[in-house]
Amino acid sequence: MATVAEVEAAVGQRPSMVMLKQIGALDEGCRSVLARCPLAGFGYRDAGGVSRTTFIGGTPGFVRVHSPTRISFALPEGEAHGPVSFVFLLPGIGETLRLNGSVVERKGVETFIDVQEAYVHCAQAVIRSRLWQQPVAEATPVIVGDGPLGGPGVVEFLAAAPFLVLSTWDKSGGGDTSPRGDQPTVARVLDGRTLLIADRRGNKRTDSLHNLLQDDRLSFAALVPGRTGVLHGRGRGSITDDPALLETVALRGTPPHAALLIEVEHAEVAANDAVARSRVWSAHVAPGAVPDLMVLAGEHLAANMAARRGVLARVLKVVGRIPGFERAFRAVMNRAYRSGLLKEGYQDVELGSRPARPAADKPLREVRVVEVRRETPSAVTLVLEDAERPRPFDFRPGQFFTLVADVDGRPLRRAYSASSAPGSSRLEITVKRVEGGRFSTHVHRNLRAGDRLSVRGPSGSFHVEPTSGEVVLVAAGSGVTPMMSVIRALLAEPTSGRIALLCSNRSEEEVIFADELLRLTREHPERLTVTHVLTRERGRLDAAGVRGWLADLRPSDDARYYLCGPDGLMDTVGGVLVELGVPDDRVHRERYTSGADATATTAPQKMVVADGTREVGSAVVEPGQTLLDAGLAAGLPMPYSCTVGNCGDCVVKLRGGRVAMSGPNCLTPRQEADGYVLTCVGSPLTEVVLDIAAGATPPGTTA
């Protein structure tokens, strides 16, 4: 098909009533939807004019509404230019909200949009795809010939994908992104570079078809229920009514009235942070949490009709006020959906939602920055309290928390020891700036009082219990942060024993908590001694220096030793303690890891999770995703705590397959040799089988 007349002959003309459901600004109903929406399909063109489609969001309300015609959101990857378009998805709900607009400003990753059109799209695409139902078994894909569709995991993804969003453009550059859904798959693979997408009867706007008559460039992003990856594709499209092609996508003998032929130029499967964070497969919108979208569409229609001052407008206004109208209208629309889909050849039409599994993730604790206190030129202390209702932070002195913050539109997680004593409603976390460290740089440059972030924890087996015995602490640099928590907690206990701290730093100005430590030693001279070693003046702290300090200290036989700092220092101190005959169970070490990202895999891999002999579920780990993230997104009971490779709570037994892990991390060489892996920093190189029961108490674990 090459003309508007040919398209309209096949699919019909655009009804004027459908176009009257469109409004030019966000009303209260639209704003309510945006406040609860965690995910949207987004179509845009980059600086080079290349069409791109992806999914954005991650949390409800990710779009910021500045006015009825101005919104903004974070676009972590790429830059959008000119006209853009959105399909907002509400998990568990069929209808979608669609917006069209243009980019007016960019501030970092924050993109500002002027809204030009907003309207509710009917639910048929979502219902056809069963997007919010339990995932079905994936079909075996068949592909002929070479081409972009032969890339890693692409055909397998298409064989299971019932839903996509499609972005097209008109001759003036205006964009449109529309939902497409079908069963068993939304797109049929004809060969290594060609897809066929049925165009079945929908809301009759036919924007995509009219756009393709003017500009054949398009892009798309596809979803598979239960997976957190996205298939991104782009190419050129045309419209066909070839009976032979339409017959290949017929349902129960009923072919569609037309289809899209896409010559694919690029296709790849990648992990999508927005889909993973949104938990759309397990966290559906509660009934009544947002307005009924079909009723909202009726209100938009009535408002536009009222502007024409016609009889129908007055009738709609009166009918909308009848008690029970919304419920009756929804029942009528559901019958219309069911009837229309059955006529097209669909069977077992389901209008409700049924989450596959409950979310398995542990809730994050949202906190507010009360104060950012400068400790040294390279270290600050964040004073945090609960964002809404302050309550105590319970932990053991020496343990750490994982901080979670959005940095450049993406969530980053880093573990930091608490430097405050347990039990207070305010938690203090001290962060030393690391050269090239994204999170620490964000803390030092951007965080201010009043900002919000999230914490997870406490985590870690490095901690001190209240004791009347002697405690010997050795720290270097930021390793003093857990020691500060220990000192504060023990000094608050009248019966605690003597505390001695050996603290190594390069220079006096880099000594974290210098003034506080001086104050505490003056207030508790019989209970606390602090010895500073400045390596720039006297050289690196070596075994002889440690022996001399311990000789002067003369610790008791039952003293406990706690070491935190670089591996070299801990090895030096540990060696001296072995020489002195200190038992291993009296020496405790804390090792910081880098928080590096997991090694990326190039293709999706299946992960099976077992609990002993019982299989509890499976998930697909997308390229660039960790085992833990994929398991949590699928609602699997994955053990974890810190999520950054520091605590070891996520250790599991690898029963089959191969896994790559980023490091350094807390797994011991013996644990690795025995087949244990950390899911939070692990990425599969093949299909894998994990045993969460065998990982509960792996050999080689130390306190």
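Colleague: Let's start in the middle of a sheet: which residue of E22 stands opposite Leu 473?
Modeller: Bear in mind that we're looking at a predicted model. Leu 473 sits on one side of E21, along with Val 471 and Ala 475. E21 runs parallel to E22, with 6 bridges joining the two. In E22, the residue opposite Leu 473 is Leu 501.

Colleague: And over in E24, what is the bridge partner of Ala 475?
Modeller: E21 also runs parallel to E24, and here 5 bridges do the joining. Ala 475 belongs to the side of E21 that carries Val 471 and Leu 473. Its bridge partner in E24 is Cys 564.

Colleague: How many of the residues of E21 are buried?
Modeller: Take the two faces in turn. Val 471, Leu 473 and Ala 475 are buried on one side, and Val 472, Val 474 and Ala 476 are buried on the other, so both faces are covered. For E21 (471-476), that gives a buried count of 6 of 6.

Colleague: On to H16: do its buried residues line one face or opposite faces of the helix, and within what arc do they fall?
Modeller: The helix covers residues 543-553, and its buried residues are Gly 545, Val 546, Trp 549, Leu 550 and Leu 553. Looking down the axis of H16, these lie along one face of the helix, because they fall within an arc of 130°.

Colleague: Which helices are included in what covers the buried residues of H16?
Modeller: Strands contribute to that cover, with E21, E22, E23 (528-534) and E24 (560-564) among them. E21 is itself mostly covered. The helices included are H15 (535-538) and H17 (567-579).

Colleague: Which residue follows H16, and near what value is its positive phi?
Modeller: Leu 553 is one of the buried residues of H16, a helix that takes in residues 543-553. The residue that follows is Arg 554, with a positive phi near 50°.

Colleague: Switching to E7, which residue there has Ser 72 opposite it?
Modeller: E7 spans residues 110-121 and is mostly covered, with 9 of its 12 residues buried. Strand E4 (residues 70-74) pairs with E7 in the antiparallel sense, over 5 bridges. Opposite Ser 72, in E7, you'll find Phe 112.

Colleague: In the hairpin of E6 and E7, which residue takes a positive phi?
Modeller: E6 (residues 96-107) and E7 run antiparallel and are joined by 11 bridges. Within that pairing, Arg 106 is opposite Thr 111 in E7. The hairpin has 2 residues between the strands, and the one with a positive phi, near 65°, is Gly 108.

Colleague: How many charged residues are in the lining of the second largest cavity?
Modeller: The structure holds 3 cavities of 30 Å³ or more, and the second largest has a volume of about 60 Å³. Its lining consists of Ile 127, Arg 128, Arg 130, Gln 183, Leu 341, Tyr 346, Gln 347, Val 349 and Glu 350. Sorted by type, they come out as 4 nonpolar and 2 polar, and the number charged is 3.

Colleague: Zooming out, what percentage of the residues of the protein count as buried?
Modeller: The protein has 19 helices and 32 strands, and its C-alpha trace spans about 95 × 55 × 45 Å along the principal axes. Among contacts between residues at least 6 apart in sequence, 71% join residues at least 24 apart. Of the 703 residues, the share that counts as buried is 53%.

Note on methods
Residues numbered from 1 in each chain as written. Predicted model: local features only at pLDDT ≥ 70, side-chain atom pairs only at ≥ 80, totals over all residues. Heavy atoms only, no water. 1 Å grid on protein atoms, 1.4 Å probe; cavity = no way out; pocket = protein on both sides within 12 Å on 5 of 7 lines; lining within 4 Å. Points joined across faces, edges and corners; volume = space filled by probe spheres on them. Nonpolar A, V, L, I, M, F, W, Y, C, P; charged D, E, K, R; others polar. Buried < 20%, exposed > 50% of the residue type's maximum accessible area, 1.4 Å probe, protein only. Helix = DSSP H or I, 4+ residues; strand = E, 2+ residues; numbered from the N terminus. Arc of directions from axis to C-beta. Contact = heavy atoms within 4.5 Å. Pairing = 2+ DSSP bridges.
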